[in-house]
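Reader: Hi, I'm new to reading protein structures and would like some help going through one. Could we look at it together?
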Amino acid sequence: LPYSVQAQFDGPALQLALPQHAAATSIGESVALSVSLQDAGHPVAQATVKAHVRRPDNHIDTLVMLDDGQWPDAGAGDGVYTVLVADNSLAGYQPVLFTASGTRTNGASFSRQQFGLISVAAGKARLTGTHSDSGIDSDGDWLFNHLQFKVGVRADVAGNYRVYAELIDSAGHRYPASKTVSLATGDSDIDLAFDGNALYAAHVDGPYQLAVLRLSESTPAGVLPTDQLSVPEASHPYAYTDFQHAAIEIPGESSSVGADSNGNGQFDELVFRLKADIAQAGFYEWTGVLVDADGNELGFASGSGNLAAGSNWLELHFDGSAIGAAGINGPYYVRDILISGMDTGQVVDQVWPTEPFDASEFEGFVMAPVASAVSVPSTAWWGLLLLAGLLGWLGQTRLRGNTIH
């Protein structure tokens, strides 16, 4: 096959750009192609711009592109050159070479090239604009295995078609889905299933946006695009906990506070809260261990209660007097979490730090004794007295000597 290679400096002032590198149409239909010619951000007018279209039978049509404001061009002198490509009588891909040449305002001549593509489908197939979504629980556990979008399409020619779609959540995560189906002529619905496990794993609630939706025709010449969604569609406002996950899941959110129940200014409890996603509502029990930074155990706590399906907060109340008596400052760490109930259980292999508490904030804290005055052994007193006496005698002798002289 013939190939062409193009190179240019990065970020040239004069650029030939395509708003889209691929355009789609069907046999018997026309398609408009546009390119933008800019010099340092300003439109370039009166340039020679052409589109060289290679047809599926390898014939090349050279078409002059205009910036005159006449249909299909949107506005005169804006640097956007447009041409209508008709006579699309064969299905397949049509590579397009765009060329532009002329003279810049400084008198220098220029030439630029860009590449594009036209796909021509055998028959016109399009999205009808009807969409609906629903959660699908395929295993009867009250959680959605898939988020299903039902997409309406209309095919003028029976054949094999492919639909590709992407959901996007408010945090920017994307979830793809695709399906190839055999369609008869007329209107049909295509069901697209987005993975519920992936939606849960992101921990982002809906609604989700159907941001990408493309319809293509499968032919011996390849997969030829025929239509695509122009405006995103929003799903219903699902919670991420509605989707498939384990019976007990720990997203990782936690908090810790000190509790002073007797109002004496010291914490008699350290209250640790952990978020848990529960698939089946019912009675549950949970336990955990509190340790210091060196792994020394400071306390053991347990809790229980009726939990709802979805997100819940589990509380563990650790004895504050044991923390105070240990005299070790935080942060402390909660580990060895065990949750059980409704014929299921979960051992959580994770460690959570608490707030950086000071041991003196808790009941039972005893301040270390203040060091007493330095004591001198009794045997040393005799040496001190003897030294003092010797110094005193020497001083008196010196005074007497001075008096005699």
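Reader: Let me start with a detail: which residue in E20 is the bridge partner of alanine 259?
Author: The bridge partner of alanine 259 in E20 is glutamate 269; please keep in mind throughout that this is a predicted model. Alanine 259 belongs to strand E19, residues 254–259, which pairs with E20 in the antiparallel sense over six bridges.

Reader: And what about E20 with E23, in which sense do they pair and over how many bridges?
Author: E20 and strand E23, which covers residues 310–319, pair in the antiparallel sense over ten bridges. Within that pairing, valine 271 stands opposite histidine 317 of E23.

Reader: What is the bridge partner of glutamate 249 in E20?
Author: That partner is aspartate 277, and the strand on the other side of the pairing is E18, residues 248–249, which runs antiparallel to E20 with two bridges.

Reader: How many of the ten residues of E20 are buried?
Author: Eight of them are buried, so to speak of strand E20 (residues 269–278) as mostly covered is fair.

Reader: Changing topic, how many residues does the largest nonpolar core have?
Author: The largest nonpolar core has 28 residues, and those with the most contacts inside it include Leu147, Phe194 and Tyr208. Several elements, among them strands E10, E11 and E12 and helix H1, each supply at least two residues of this core, while the largest share, five residues, comes from E11. A second, separate core has 27 residues, including Ile248, Leu274, Tyr332 and Ala359.

Reader: Going back to leucine 147, what is it in contact with, leaving aside its neighbours within four places in sequence?
Author: With those neighbours set aside, leucine 147 is in contact with a list of residues that includes Asp133, Leu167, Phe194, Tyr208, Tyr238 and Phe243.

Reader: I also noticed glutamate 217 in the middle of a strand list; is glutamate 217 buried or exposed?
Author: Glutamate 217, which lies in strand E15, has a relative accessible area of 5%, and because the cut-off for buried is under 20%, glutamate 217 counts as buried. Apart from neighbours within four places in sequence, the residues in contact with glutamate 217 include Ala121, Asn160, Tyr161, Val223 and Thr226.

Reader: Last one, for the whole chain: how many helices and strands are there?
Author: The secondary structure of the protein chain comes to three helices and 26 strands. Of its 405 residues, 35% are buried, and the accessible surface comes to about 22400 Å², with 54% of that belonging to carbon and sulfur atoms.

How values were computed. Residues numbered from 1 in each chain as written. Predicted model: local features only at pLDDT ≥ 70, side-chain atom pairs only at ≥ 80, totals over all residues. Heavy atoms only, no water. Core = buried A, V, L, I, M, F, W, Y, C linked by side-chain atoms within 4.5 Å. Buried < 20%, exposed > 50% of the residue type's maximum accessible area, 1.4 Å probe, protein only. Helix = DSSP H or I, 4+ residues; strand = E, 2+ residues; numbered from the N terminus. Contact = heavy atoms within 4.5 Å. Areas by Shrake-Rupley, 256 points an atom, 1.4 Å probe, with all protein chains shown as cover. Pairing = 2+ DSSP bridges.
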